[in-house]
Amino acid sequence: MPKYNTRERAIRAGYRSGLELDIADQIKKFNRSAEYEPFKIPYLIPESLHTYTPDYVLANGIIIESKGRFMLEDRKKHLFIREQHPELDIRFVFSRSGTRIRKNSKTTYADWCRKHDFEFADKLIPANWFKVKKNTQALTKIKEFDEKSDVKKRKWRHADEKKRRNDGW
């Protein structure tokens, strides 16, 4: 007879863990009755504050989020942000917008963006995004966020970028 560890025995008996199996055995030993996982109890996870750090903010107020992988958590996050801050213009630059959101899904990153009215591009920021008229509402909100933020300012100059490339970054 093969040897099974406690968890394997529990799973074979229809339980999720060895402890659940031990408790079931105890109930039987004392000749008592109890139902195992008879129903589900709904509950809400309390609201919790999260923050989002944009990858780039253009001078006209457009927020650029660069994405290689666009995971479910990211998609949810951006829908929450859009709902709570509709004045912000967040746009995506994907490595490849034709990538499917899940292995067996027909929906691509591009399809998701179209469905939820997010502008997107592949590889680089389209030149016309730099030419979009300034969004004063967005810039005001961005200034508020910036004043509250503890993120250190990062100003990259062309020379610094060139040095990084030469250093193998």
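Of the contacts in the protein between residues at least 6 apart in sequence, what percentage join residues at least 24 apart? The answer is 57%, where contact means heavy atoms within 4.5 Å.

The model is predicted: local features need pLDDT of at least 70, side-chain atom pairs count only at pLDDT 80 or more, and totals for chains, interfaces and linings use all residues. Residues are numbered from 1 along each chain as its sequence is written, and side-chain values use heavy atoms, with hydrogens and water left out.

**Exercise 1. Describe the overall make-up of the protein.**

Step 1. Take the secondary structure. The protein has 7 helices and 4 strands; helices (H or I, at least four residues) and strands (E, at least two) are DSSP runs, numbered from the N terminus.

Step 2. Read the elements along the sequence. The pattern is α-α-β-β-α-β-α-β-α-α-α.

Step 3. Turn to the surface. About 14,400 Å² is exposed by the protein, and carbon and sulfur atoms supply 53% of it; the areas come from the Shrake-Rupley method with a 1.4 Å probe, and for residues only the protein chains shown count as cover. Of the 169 residues, 24% are buried. Buried means under 20% relative accessible area, exposed over 50%, and partly exposed in between (1.4 Å probe, protein chains only).

**Exercise 2. Work out the order and sense of the strands in the sheet.**

Step 1. Set the order. The 4 strands form an open sheet, β1-β2-β3-β4, with mixed pairing. Strands of a sheet pair through backbone hydrogen bonds, either parallel or antiparallel. Here two strands pair if DSSP finds at least two bridges between them.

Step 2. Find the edges. β1 and β4 (120–122) each have a single partner strand, so one side of each is left without a neighbour in the sheet.

Step 3. Go through the pairs.
- β1 (residues 56–57) and β2 are antiparallel over 2 bridges, and Val57 has Ile63 of β2 as its bridge partner.
- β2 and β3 (residues 89–94) are parallel over 6 bridges, and Ser66 has Val93 of β3 as its bridge partner.
- β3 and β4 run parallel and are joined by 3 bridges; Phe94 stands opposite Asp122 in β4.

Step 4. Look at the connections. The hairpin of β1 and β2 has 4 residues between the strands, and Gly61 in this hairpin takes a positive phi near 100°. β2, helix α3 (residues 72–84) and β3 make a right-handed β-α-β unit: with the strands pointing away from the viewer, the path from the first strand over the helix to the second runs clockwise.

Step 5. Check the burial of β2. This strand (residues 62–67) is largely enclosed by the rest of the structure, because 5 of its 6 residues are buried.

**Exercise 3. Trace the aromatic pairs around Trp112.**

Step 1. Count the pairs. The whole structure holds 11 aromatic pairs. Rings of Phe, Tyr and Trp (its six-membered ring) pair if their centres lie within 6.5 Å; planes under 30 degrees apart count as stacked, over 60 as edge-to-face and the rest as tilted.

Step 2. Take Phe70 and Trp112. Their pair is edge-to-face, at 5.1 Å centre to centre and 85° between the planes. The pair links distant parts of the chain, 42 residues apart: Phe70 is in the loop between β2 and α3, and Trp112 is in helix α4 (residues 109–115). Both residues are buried.

Step 3. Take Trp112 and Phe118. This pair is stacked, at 5.5 Å centre to centre and 15° between the planes. Trp112 and Phe118 are both buried.

Step 4. Extend the set. Ring pairs link Phe70, Phe92, Phe94, Tyr109, Trp112, Phe118 and Phe120 into a cluster.

Step 5. Add the charges. Arg82 lies over the face of Phe118, 3.8 Å from the ring centre, and Arg91 lies over the face of Trp129, 5.1 Å from the ring centre. The criterion is NZ of Lys or CZ of Arg within 6 Å of the ring centre and within 35 degrees of the ring normal.

**Exercise 4. Place Ile101, Asn31 and Lys123 and state whether each is buried or exposed.**

Step 1. Ile101 is in the loop between β3 and α4 and counts as buried at 17% relative accessibility. Leaving aside neighbours within four places in sequence, Ile101 contacts Arg75, Thr107, Thr108, Tyr109 and Trp112.

Step 2. Asn31 is in the loop between α2 (18–29) and β1. Its relative accessible area is 70%, so Asn31 is exposed. Its phi is positive, near 55°.

Step 3. Lys123 is in the loop between β4 and α5 (127–130). Lys123 is exposed, with a relative accessible area of 63%, and has a positive phi of about 70°.
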